[in-house]
Amino acid sequence: MLKDYPMASHELENVLLRSSLDRAIRRAGAALLGLMVLCGGTGIGAAWVQSAALARQQQSALLLSNHQLADMMHDAVRSDVLGMLQAADGSSGLDRGEILRDFQEHLRNLRAGIQADEAYRGSPVVEAATSKLDAPMKLYAKSAIAIIERAETDPNAARTGLRDFFAQFRTLEISMSAASDAISANALQTSNNGKTIGSVAMVVLLIAMALGIAGTIALVLLAVRHVVRPIEVLSATMRELGGGNLAAEVSGVDRGDELGDMARAMLAFRDQLQAADEAKQAQARLIVDSLGTGLIALADGDLTAEVDAELQTPFTALKDNFNGAVAGLRALITSVTESAAIIATGSQEIAHASEDLAQRTEGNAASLEETSVAITQMNQRLQATAVAAERTVVRADGAMTTVAGGRGITDEAVQAMTRVSESAKGIDSVIEGLDKIAFQTRVLAMNAAVEAGRAGDAGRGFAVVADLVSALAMRAEEEAGRARDQLTATQAEIGTAVERVQRVDDALSNIATDVGEVHTLLAGIAADNQAQSTAIVQISAAVNAMDQATQQNAAMVEQTSAAARNLTSEVAALSEQAAQFKIAREVRRSTSPKSTVIAPTRAAPHKPKVAARTAPVLATVSAGDGDWAMF
């Protein structure tokens with residue numbers, strides 16, 4: 001990519017070599033920002049142009065759809081006119097009101113469509129074609145309205161106007177066809193223009209993106225060549241210096257930017273490291289000679305050896321630390337020698353006391369184990385009681401559920417009886433209707449008998465039938481009365497049954513309340529038993545923990561006794577080892593290491609001395625028997 005832009009690449013290289021990295025980065029960032037602005041502006045412009053083209057396409061498509069709808073309404077108005085003339089014939093079965101409503105809607109849509117066509121301003125050709133639609137549309141509508149109005153009063157006169165109506169229809173049809181051709185051509189041209197604009201915008205956007213990508217790649221390659229690679233070289237040089245290679249070559253000292261400053265500083269640092277390394281080697285030889293002599297004497301056990309050589313800073317602290325360490329070690333060995341005898345005596349007393357404590361601890365452990373067994377039995381009984389209480393609570397819950405179910409059944413019974421009572425009221429109405437029908441039948445039978453009497457011999461048979469119908473009507477009235485009385489008694493019994501069921505429901509409610517209180521009491525008992533069981537479990541766990549702790553204490557006491565005995569022998573060995581060090585000449589002449597270390601061990605064979613030393617320990621233990629027993 002740099003080969004494609006040789007002049008720009010050469011100028012950027014000169015800028016990077018002459019100016020600082022800060023200015024170079026700012027210039028490169030400005031160039032990159034310019035490329036981004038170019039790409040973004042090109043994309044925004046292309047999007048705006050395509051949006052405008054799309055809007056024009058949508059307008060032309062909407063115009064074409066609206067004009068097609070208006071053309072359909074033009075034909076629909078003709079159909080409405082012919083339908084109205086057909087509806088004038090009563091045998092056609094057409095609804096004149098519905099046809100009139102369709103005609104008014106179609107005419108309104110036709111006028112609205114032509115107005116929308118005339119409102120379009122996107123093409124002079126379309127404007128010229130649509131401007132010729134309004135006049136023939138008005139004449140066509142006027143002729144159609146006249147025929148519709150005449151068809152309601154004089155269908156024959158209305159048919160005489162069909163010739164003029166069809167002439168106006170053909171005139172408007174010609175204008176609509178011309179407008180359709182112009183609108184279709186405009187829609188096709190708008191679509192083609194949109195495609196052309198989209199293609200041009202895409203090509204321009206691709207060119208801008210190519211320029212942006214080329215510029216970005218050029219900037220990245222220049223940055224890698226003049227910034228990243230020199231930094232990698234300096235980093236490698238720093239790693240070599242850190243690894244101890246003080247002869248490493250530092251490159252880039254002739255640059256005039258921050259990387260050149262870093263290279264020159266690294267060169268000065270390398271020279272300082274070389275000088276410091278030479279001084280360090282000379283001082284190291286002196287340190288090795290002086291400290292080696294002192295360490296050899298220290299290895300031989302001579303704690304009086306010290307470093308007297310004159311060392312330079314910061315190695316003077318090494319000399320002081322070595323001499324201080326030897327002095328501290330000398331004081332430590334002296335203290336160890338003096339304390340060894342005291343520790344030997346104390347360890348014997350600790351061994352006797354530990355053995356006595358171990359025996360008492362074993363007795364306490366046995367008592368705690370018995371207590372744990374008893375508490376475990378109590379816990380089992382309380383858990384059984386808690387389980388029984390929980391089962392009782394479950395039974396009480398079942399009883400409450402059963403009572404609740406009984407109350408539901410009683411509610412259903414009350415509702416059923418209420419429905420029966422309402423049905424009885426309906427039956428009462430039916431009986432009343434039957435009673436009225438029987439009364440009317442009896443009246444009619446009486447009238448028929450009167451008419452039969454007027455008829456003489458010819459109406460005797462009819463009179464007999466009228467008497468029978470009258471008697472049957474009277475029996476129907478009597479049975480209706482009996483049914484009403486029985487229904488009244490049934491309603492009274494239903495009311496009594498409803499009252500009894502409600503009393504049963506109240507009793508069940510009281511039972512549910514009592515069972516709820518019993519449930520609450522049982523739940524409290526179960527909770528208390530559970531809490532007691534939990535407390536006993538915690539007590540049992542605490543007793544078990546105390547038992548384990550007591551057993552562990554007994555084991556630890558036995559270990560302490562054994563450790564005290566081992567400590568006595570270790571102290572004797574420590575005294576012998578400490579006697580091998582040379583602390584000071586006057587100490588070696590006045591004090592014998594063997595007498596210092598072995599003196600306590602030699603006192604053991606003499607029985608009177610042993611008794612005298614152990615008596616205070618036994619007395620102390622016997623005096624504390626009461627406290628240990630309480631433990």
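These legends accompany close-up views of a predicted model.

**View 1. Helix H3 and its buried residues.**
Here we follow helix H3, which runs over residues 96-118 and has 23 residues. From its first C-alpha to its last, H3 reaches 33 Å, close to the 33 Å expected at 1.5 Å a residue. Look along H3 for its buried residues: Ile99, Phe103, His106, Leu107, Leu110, Gly113, Ile114 and Asp117.

**View 2. The aromatic cluster of Tyr140, Phe165, Phe166 and Phe169.**
The whole structure holds 3 aromatic pairs. One of them joins Tyr140 and Phe165, whose rings are stacked at 5.2 Å centre to centre with 25° between the planes. Tyr140 belongs to helix H5 (residues 134-153) and Phe165 to helix H7 (residues 162-242), so this pair ties together parts that are 25 residues apart in sequence. Both Tyr140 and Phe165 are buried.
Phe165 also pairs with Phe166, this time edge-to-face, with 5.6 Å centre to centre and 70° between the planes. The relative accessible area of Phe165 is 0%, so Phe165 counts as buried. Phe166, at 26%, is partly exposed.

**View 3. A nonpolar patch on the surface.**
Six names to find in this view are Met202, Leu206, Met209, Ile213, Ile217 and Leu221, which together make a nonpolar surface patch of about 530 Å². Met209 is found in helix H7. With a relative accessible area of 41%, Met209 is partly exposed.

**View 4. A salt bridge within helix H5, between Asp134 and Lys138.**
The count for the model comes to 2 salt bridges, and here is one of them: the side chains of Asp134 and Lys138 meet with a distance of 3.1 Å, N to O. Both residues lie in helix H5, 4 residues apart, which is about one turn of the helix. Asp134 is partly exposed, having a relative accessible area of 22%.

**View 5. A salt bridge within helix H10, between Glu479 and Arg482.**
In this last view, Glu479 forms a salt bridge with Arg482, and their closest N and O atoms are 3.4 Å apart. The two residues sit 3 residues apart in helix H10 (residues 460-578), so about one helical turn separates Glu479 from Arg482. How accessible are the partners, Glu479 and Arg482? Glu479 is partly exposed, with a relative accessible area of 41%, whereas Arg482 counts as exposed at 57% relative accessibility.

How values were computed. Residues are numbered from 1 along each chain as its sequence is written. This is a predicted model: local features need pLDDT of at least 70, side-chain atom pairs count only at pLDDT 80 or more; totals for chains, interfaces and linings use all residues. Side-chain values use heavy atoms; hydrogens and water are left out. The expected span of a helix is 1.5 Å times one less than its number of residues. Buried means under 20% relative accessible area, exposed over 50%, partly exposed in between (1.4 Å probe, protein chains only). Rings of Phe, Tyr and Trp (its six-membered ring) pair if their centres lie within 6.5 Å; planes under 30 degrees apart count as stacked, over 60 as edge-to-face and the rest as tilted. Patches are made of residues with over 30% relative accessible area and no salt bridge: like charges are joined within 9 Å, nonpolar side chains (Val, Leu, Ile, Met, Phe, Trp, Tyr) within 5 Å. Accessible areas come from the Shrake-Rupley method with a 1.4 Å probe; for residues, only the protein chains shown count as cover. A salt bridge is a side-chain nitrogen of Lys or Arg within 4 Å of a carboxyl oxygen of Asp or Glu.
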